[in-house]
Number of protein chains: 4
Amino acid sequence: MEEDKKEIIRKAATHIMARKGFYNTKASQIAEEAGIAVGTIYNYFNSKDDILEYIFAVELKKRYNYLKQLNDKDLMVMEKIETFLIKHFQEIINSPDTGRILVREKDFPRKMNQDYIADYLTKLPAMIMKMLDEAIANREISECNTEIIAAFIFGAIQGIVEKAINNNNIDILNDAAGEIIKLLKKGL
Amino acid sequence: MEEDKKEIIRKAATHIMARKGFYNTKASQIAEEAGIAVGTIYNYFNSKDDILEYIFAVELKKRYNYLKQLNDKDLMVMEKIETFLIKHFQEIINSPDTGRILVREKDFPRKMNQDYIADYLTKLPAMIMKMLDEAIANREISECNTEIIAAFIFGAIQGIVEKAINNNNIDILNDAAGEIIKLLKKGL
Amino acid sequence: MEEDKKEIIRKAATHIMARKGFYNTKASQIAEEAGIAVGTIYNYFNSKDDILEYIFAVELKKRYNYLKQLNDKDLMVMEKIETFLIKHFQEIINSPDTGRILVREKDFPRKMNQDYIADYLTKLPAMIMKMLDEAIANREISECNTEIIAAFIFGAIQGIVEKAINNNNIDILNDAAGEIIKLLKKGL
Amino acid sequence: MEEDKKEIIRKAATHIMARKGFYNTKASQIAEEAGIAVGTIYNYFNSKDDILEYIFAVELKKRYNYLKQLNDKDLMVMEKIETFLIKHFQEIINSPDTGRILVREKDFPRKMNQDYIADYLTKLPAMIMKMLDEAIANREISECNTEIIAAFIFGAIQGIVEKAINNNNIDILNDAAGEIIKLLKKGL
DNA sequence: GATGAATGAGTATTCATTCAT
DNA sequence: AATGAATGAATACTCATTCAT
């Protein structure tokens with residue numbers, strides 16, 4: 001029951017913030033979209049900032065779980081990366097609103113303790129870097145500055161998501177994973 | 001004289017906005033940093049939004065001019081892209097504050113007529129895409145979806161700039177252009 | 001409940017605006033006089049302009065209702081005008097603050113849609129003119145330019161109210177209706 | 001020379017204030033209309049308030065002089081009043097902008113020492129009252145409350161001027177004096 | 001738990017006035 | 001005397017958050 005209401009608020013907030021941006025989203029608008037009273041929001045979240053944190057937390061958790069599950073499988077590293085990209089893009093296709101928030105609001109100035117946004121920005125690239133290091137060790141790809149390349153890949157993904165959303169052409173995400181992997185496999 | 005004052009304000013605003021983000025930057029802080037009165041800001045800009053637009057306009061103009069100049073030279077397309085990347089990263093190294101604003105505030109919801117931020121987001125990737133098309137025509141690189149790849153490259157650049165700034169490690173930008181070009185040359 | 005709060009604000013605003021004039025009345029002063037927070041004003045009104053409009057709307061409605069009620073009665077036209085004047089002056093005597101605002105702020109430059117101030121200035125004289133036309137038709141008074149005379153009477157009323165308020169001598173309003181009617185009956 | 005510049009400013013201010021009202025008239029607009037710099041205004045006036053005072057002062061002086069001149073003539077009192085009304089309306093016809101300011105801004109909250117606006121509001125009705133008293137003494141008109149009737153006449157004049165200006169029909173002022181005098185002669 | 005009216009701290013912007021040139 | 005850039009005090013209005021019901 002409590003989870004339900006929290007989810008309703010998260011979805012309403014995602015809807016509005018994707019369209020107006022965090023700072024132009026009013027608590028009252030979220031409440032209206034959620035079909036509840038403003039006060040109710042504060043029974044589930046401490047602040048507006050908190051809602052944004054939670055949106056990131058949910059997405060981050062999905063990616064974590066997926067990667068954990070992926071690690072147990074017996075796959076080439078580049079295949080893992082590809083599978084992950086496909087999964088990531090799939091999530092964005094399912095909820096472009098969330099996608100827009102992930103790219104737009106990731107640099108949000110933080111004040112909170114639990115910092116899922118910082119995690120998102122730090123840990124995901126770190127995991128990509130780790131996978132690249134592994135791939136080099138396995139001699140799947142040749143030597144490179146994996147820190148730079150990981151940042152490059154992480155940014156590139158964001159760039160494509162942004163392009164897809166701004167152009168209102170979510171479909172390009174379907175081809176994107178393939179195209180990127182092709183580039184990376186050849187290029188690395 | 002007028003330009004001087006406008007420049008002073010632009011620099012002060014860049015300084016503060018890079019640290020606090022646009023929405024957490026107060027007009028009074030900009031004035032203090034600039035060593036002028038609050039009212040003076042509004043003798044040179046119509047609004048806070050206007051200042052951000054201007055910051056983008058200045059940077060966009062620099063890139064335009066550089067690319068125009070580059071087009072006259074007799075270079076391979078991939079060399080042009082490389083040269084441009086080096087120039088771009090050099091600018092960021094010279095003013096990381098500006099770099100941070102370019103990546104952070106680019107999705108800023110706009111209200112103004114003159115829209116330099118939108119231009120920055122639209123025209124720069126479009127120019128990269130055009131260069132890629134040219135490179136394919138010249139058989140410098142093999143066929144690919146240039147729209148996706150251009151978005152990929154544009155995003156990747158932002159990702160690296162962001163990483164460099166967030167990690168307070170501007171130096172990686174020195175290597176970044178080379179590393180990226182190596183990847184692209186091989187991969188495309 | 002909502003009406004109560006709106007009324008409280010209307011009265012507080014009337015009190016201050018009568019003393020300082022619209023432009024020298026601060027939202028904070030109204031709030032203080034009303035014993036509420038500044039923000040609360042804006043839960044009931046969209047703007048300071050809106051409050052002034054509402055003050056006029058309330059008074060206009062009173063006059064309308066009174067005239068409607070008067071029309072059903074079987075009276076000579078000049079008696080109706082006299083009765084209306086008495087009523088009008090009585091309202092001013094009851095709330096000189098409102099009276100002062102009605103005469104002082106009627107030329108307020110308007111920006112709003114609902115325009116009760118314009119109505120007040122247009123419809124009340126129009127009704128007086130209509131009554132005069134009727135009186136001429138009934139041969140109660142002789143021919144005259146009713147447009148001019150209506151403007152004359154409407155202005156005259158304001159002049160007396162202003163005089164009464166400026167001289168801090170509200171009592172003259174008690175005699176005013178009689179004196180005016182005497183003049184009009186003889187003069188028209 | 002100094003008078004010239006002061007006159008230019010007075011006229012420019014009259015033009016703008018008649019259209020926008022005192023509080024919506026900016027010093028910069030007056031300067032622009034006058035074809036001078038903002039600073040120059042303050043070489044001739046101490047403040048914006050001061051300009052409005054001056055506008056009233058000029059008009060008040062005209063009426064004074066006219067009345068003084070009128071007193072020397074051998075006329076019935078009611079003829080004097082009529083002549084004065086004609087003169088007053090003539091001035092308004094010549095400069096409706098000034099007319100609008102006289103009626104609109106007369107209740108302007110004063111802060112200054114020299115107070116021509118207060119004079120205008122006090123002395124002109126007082127002079128009308130004095131003339132009425134004289135007329136009663138001469139048995140030109142019958143007994144009445146001259147204070148009320150003076151306020152009535154003064155307000156009535158304003159009402160007609162306002163009507164003429166609001167309806168953009170200055171011409172009714174040509175008939176107004178006659179119509180009013182007819183009413184007063186018969187009615188008093 | 002849900003509500004939504006009340007709160008009041010917070011800020012962009014304006015504009016009369018000044019004064020160095 | 002004329003200028004107009006610089007000033008900064010002043011204020012309407014917003015909106016996240018609270019809390020009595």
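Me: What makes two residues count as in contact in this predicted model?

Reply: Their C-beta atoms, placed from the backbone, must lie within 7 Å.

Me: How many residues of chain D are in contact with chain C, and how many of chain C take part?

Reply: On chain D, 33 residues are in contact with 32 residues of chain C. The elements of chain D that give two or more residues to this side are helix H8 (146-166) and helix H9 (172-187). H8(D) gives the most, with 14 residues. By class, the side of chain D that touches chain C holds 17 nonpolar, seven polar and nine charged residues.

Me: Why is the relation between chain D and chain C called a two-fold axis?

Reply: Look at the superposition. A rotation of 179 degrees puts chain D on chain C, with 0.0 Å of shift along the axis and an RMSD of 0.1 Å. That is the relation of a two-fold axis.

Me: How do you know through which surface the copies D and C meet?

Reply: Of the interface residues of chain D, 97% are also interface residues in chain C, so the copies meet through the same surface.

Me: What rotation and shift superpose chain A on chain B?

Reply: The rotation is 179 degrees and the shift along its axis is 0.0 Å, with an RMSD of 0.1 Å. Here too, 97% of the interface residues of chain A are interface residues in chain B, so these copies meet through the same surface.

Me: How do you know whether chains B and C touch or stay apart?

Reply: They do not touch. The nearest C-alpha atoms of chain B and chain C are 22 Å apart. For chain A and chain D, the closest C-alpha atoms lie 31 Å apart, and no contact joins the two chains.

Me: What makes a residue part of the surface near DNA strand E, and which come nearest?

Reply: The C-beta atom must lie within 6 Å of the strand. There are 31 such residues around DNA strand E, and A:Ala37, A:Gly39, B:Ser47, C:Ala37 and C:Gly39 come nearest. Among the elements that give two or more residues are helix H1 (2-20) of chain A and helix H3 (38-44) of chain C. The surface divides into 12 nonpolar, 12 polar and seven charged residues.

Me: Which residues come nearest to DNA strand F?

Reply: A:Ser47, B:Ala37, B:Gly39, D:Ala37 and D:Gly39 do, out of 30 residues around DNA strand F. Elements supplying at least two residues each include helix H2 (27-34) and H3 of chain A, and H3 of chain D. The residues of this surface are 12 nonpolar, 12 polar and six charged.

Terms used. Residues are numbered from 1 along each chain as its sequence is written. Chains are lettered from A and ligands numbered from 1 in the order in which they are written. This is a predicted model: local features need pLDDT of at least 70, side-chain atom pairs count only at pLDDT 80 or more; totals for chains, interfaces and linings use all residues. Copies are superposed by least squares on the C-alpha atoms of residues with pLDDT of at least 70 in both. Helices (H or I, at least four residues) and strands (E, at least two) are DSSP runs, numbered from the N terminus. Ala, Val, Leu, Ile, Met, Phe, Trp, Tyr, Cys and Pro count as nonpolar, Asp, Glu, Lys and Arg as charged, and the others, Gly among them, as polar.
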